[in-house]
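The following exercises are to be worked with the sequence and the three-dimensional model at hand. Each task is followed by a solution in steps.

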Amino acid sequence: METVALDGLDRAIVHALHVDGRASFSRIAAVLGVSDQTVARRYRRLRTTGALRVVGRPVAQRLGWVEWVLRIQALPEAANAIADALARRDDTLWVSLTSGGTQIVCVVQARDRRGRDALLLGQLPRTPQVTGVSAHCVLRVFAGGPTGWHGRTDALAPAQIAALTPGPGDRHGKAAALTPEDERLLEVLLQDGRAVYADLAEAIGASEMTARRRLDHLRRTGAVFFDVDIDPLLLGYDTVAMLWLTVEPSALRRTAEALAAQPEAAFVAATTGPTNLLVFAACRDVAALYEYLEFGIGALAGVRQVESAPIIRSSKRTGASGGPRTDGRSDAGPAARRG
């Protein structure tokens, strides 16, 4: 990835895409008070340099899938290679090295028991460089994923956020089921969440109208959401850490909701295992992480114990793989084609 610096307009565009990753350039431009071409040009610069990518991701809970957080202990000389191999898997969302480069933390979406067992009971235990594996089932997500991370950037005013926020849809009804066409749509969206409808139509072998209708249905039922893949360092977060919390069961929900409201908490989820709450914390620097541990975490009465592990390398952040497109076709509306 080329080194880039974000100015105020770049940050506003990133924030807009975080609110709605499929918002057209013309809609974003109207909210920001600039031209369509300016937004398209800024987005393309960030996209082609590898600084930013919008990714369409399935929502495990809405599809009846189960997410697992794996803590994999590996030999130091093999950890990087194992992390990169896990990042190439279709079922992994997030792969990073922590603890001096000997522990890999990986988030896996298991569609069924067979897929889960193949990885946990088959492939990983047979890897000689892997010395230990613990698996934590994600029970409930309180921040991150479809619920977003409100601390990522504050470039937009509340009225601008409201103007870009898509409709709520029906995310509490019956679990969604993916059709073969939906599966092919997701294959494209995982690489480029802003793929034009012509590309989506080609992927499913149907008309653009059908592709638009299928995608609208997936969004409305909460089966898919759009995430922004961007290096936290570009947003000013130099230190990212995993926090494994042990919380009094009676205080679990209250503590999780309090953490989810904190700007440092990029992801908060209740899990199984010896610890019961997982937090991905993003801070400006190491000193800010200390302040967060003392005053942000320490002020919560239900927390009994905290284990922290700074992330030293990320192999995968949002379930995406592959490099950015450079042909200029990546957009959710016609403005990019005019730019």
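Helices (H or I, at least four residues) and strands (E, at least two) are DSSP runs, numbered from the N terminus. The model is a predicted one.

**Exercise 1.** Locate arginine 194 relative to the helices, and determine whether the residue is buried or exposed.

*Solution.* Step 1: arginine 194 sits in the loop that joins α8 (180–191) to α9 (197–204). Step 2: the cut-off for a buried residue is under 20% relative accessible area. Step 3: the relative accessible area of arginine 194 is 0%, so this residue is buried. Step 4: a polar atom of the arginine 194 side chain is 2.8 Å from the backbone oxygen of alanine 23.

**Exercise 2.** Establish in what order the strands close into a barrel, and in which sense they pair.

*Solution.* Step 1: the barrel is closed by 8 strands, in the order β2-β4-β3-β10-β7-β9-β8-β5. Step 2: their pairing is antiparallel. From one strand to the next, the twist averages 35 degrees. Step 3: as a detail of this arrangement, β8 (residues 265–271) pairs with β9 (residues 277–283) over 5 bridges, in the antiparallel sense. Step 4: within this region, leucine 277 in β9 has alanine 270 opposite.

**Exercise 3.** Identify which strands are touched by helix α11, and which strands helix α5 lies across.

*Solution.* Step 1: helix α5 (residues 79–87) lies across β2 (66–74), β3 (92–98), β4 (103–110), β5 (130–143) and β10 (303–316). Its direction is at about 170 degrees to β3. Step 2: helix α11 (residues 252–260) packs on the sheet and touches β5, β7 (239–247), β8, β9 and β10. The angle between the directions of α11 and β5 is about 85 degrees.

**Exercise 4.** Compare the span of helix α3 with its expected value, and state which of its residues are buried.

*Solution.* Step 1: α3 (residues 36–48) comprises 13 residues. Step 2: from first C-alpha to last, α3 reaches 18 Å, close to the 18 Å expected at 1.5 Å a residue. Step 3: the buried residues in α3 are Asp36, Thr38, Val39, Ala40, Arg42, Tyr43, Leu46 and Arg47. Step 4: glycine 50 follows α3 and has a positive phi, near 80 degrees.

**Exercise 5.** Summarise the protein chain as a whole: how many helices and strands does it have, and what part of its residues is buried?

*Solution.* Step 1: the secondary structure amounts to 13 helices and 10 strands. Step 2: of the 339 residues in the protein chain, 51% are buried. Step 3: the accessible surface is about 15300 Å², and 53% of that surface belongs to carbon and sulfur atoms.

Key
Residues numbered from 1 in each chain as written. Predicted model: local features only at pLDDT ≥ 70, side-chain atom pairs only at ≥ 80, totals over all residues. Heavy atoms only, no water. Pairing = 2+ DSSP bridges. Axes fitted to C-alpha atoms, helices over the stretch in contact; angles between N-to-C directions. Contact = heavy atoms within 4.5 Å. Expected span 1.5 Å × (residues − 1). Buried < 20%, exposed > 50% of the residue type's maximum accessible area, 1.4 Å probe, protein only. Polar contact = N/O pair within 3.5 Å; in protein donor to acceptor, adjacent residues only side chain to side chain. Areas by Shrake-Rupley, 256 points an atom, 1.4 Å probe, with all protein chains shown as cover.
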